[in-house]
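Happy to walk through this one with you. Let's take the labels in turn and see what stands behind each.

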Amino acid sequence: MNNLLPFRLGEVGRAFLLSRKAGLGFWQVLSTIVIERILDLSMAVGLLFSTLPFVVGATWAREAAFLVGGMVILGLVVLYILARSRERA
């Protein structure tokens with residue numbers, strides 16, 4: 001659906017279709033799609049910043065790569081904790 005609809009509106013259509021098929025609420029399905037996109041982007045950013053020091057050759061890029069990598073890992077841990085404690089979240 002993303003190929004047919006502009007501005008990534010295919011994700012909304014995907015959430016609608018999956019919610020009808022799975023018998024779950026629309027917002028439950030949409031939240032999992034958002035988390036999936038966050039994971040995709042965090043992996044892409046992590047790969048970009050982990051290889052950036054080798055490409056650029058800048059000394060500061062290595063520290064920045066470690067900092068961004070740590071933030072990505074911390075974000076993933078926070079998402080995991082939120083998923084495990086749904087009642088409190």
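Q: This is a predicted model. Where does helix 2 bend, and which residue follows within four residues?
A: The bend is about 30 degrees and sits at S50. The proline that follows within four residues is P53, which is also one of the buried residues of helix 2.

Q: How do you know that the end-to-end distance of helix 2 agrees with its number of residues?
A: Helix 2 covers residues 26-56, 31 residues in total, so at 1.5 Å a residue the expected span is 45 Å. Its end C-alpha atoms lie 44 Å apart, which agrees. Just after the helix, G57 has a positive phi of about 80 degrees.

Q: What do the buried residues of helix 2 pack against?
A: Their partners are helix 1 (10-22) and helix 3 (59-84). V29, L30, I33 and S42 are among the buried residues.

Q: What makes W27 exposed?
A: Its relative accessible area is 66%, and exposed means over 50%, so W27 earns the label. F26, at 25%, is partly exposed, because that value falls between the 20% and 50% cut-offs.

Q: A search of the whole structure finds one aromatic pair. Why is the pair of F26 and W27 called edge-to-face?
A: The ring centres are 5.1 Å apart, within the 6.5 Å needed for a pair. The planes stand at 75 degrees, and over 60 counts as edge-to-face, so the name fits.

Q: The chain has three helices and zero strands. How do you know whether it is spread out or compact?
A: The radius of gyration is 17 Å, well over the 12 Å of the globule rule for 89 residues, so the chain is more spread out than a compact globule.

Key:
Residues are numbered from 1 along each chain as its sequence is written. This is a predicted model: local features need pLDDT of at least 70, side-chain atom pairs count only at pLDDT 80 or more; totals for chains, interfaces and linings use all residues. Side-chain values use heavy atoms; hydrogens and water are left out. Helices (H or I, at least four residues) and strands (E, at least two) are DSSP runs, numbered from the N terminus. The expected span of a helix is 1.5 Å times one less than its number of residues. The bend at a residue is the angle between axes fitted to the seven residues ending there and the seven starting there. Buried means under 20% relative accessible area, exposed over 50%, partly exposed in between (1.4 Å probe, protein chains only). Contact means heavy atoms within 4.5 Å. Rings of Phe, Tyr and Trp (its six-membered ring) pair if their centres lie within 6.5 Å; planes under 30 degrees apart count as stacked, over 60 as edge-to-face and the rest as tilted. The radius of gyration is taken over C-alpha atoms; the globule rule is 2.2 Å times the number of residues to the power 0.38.
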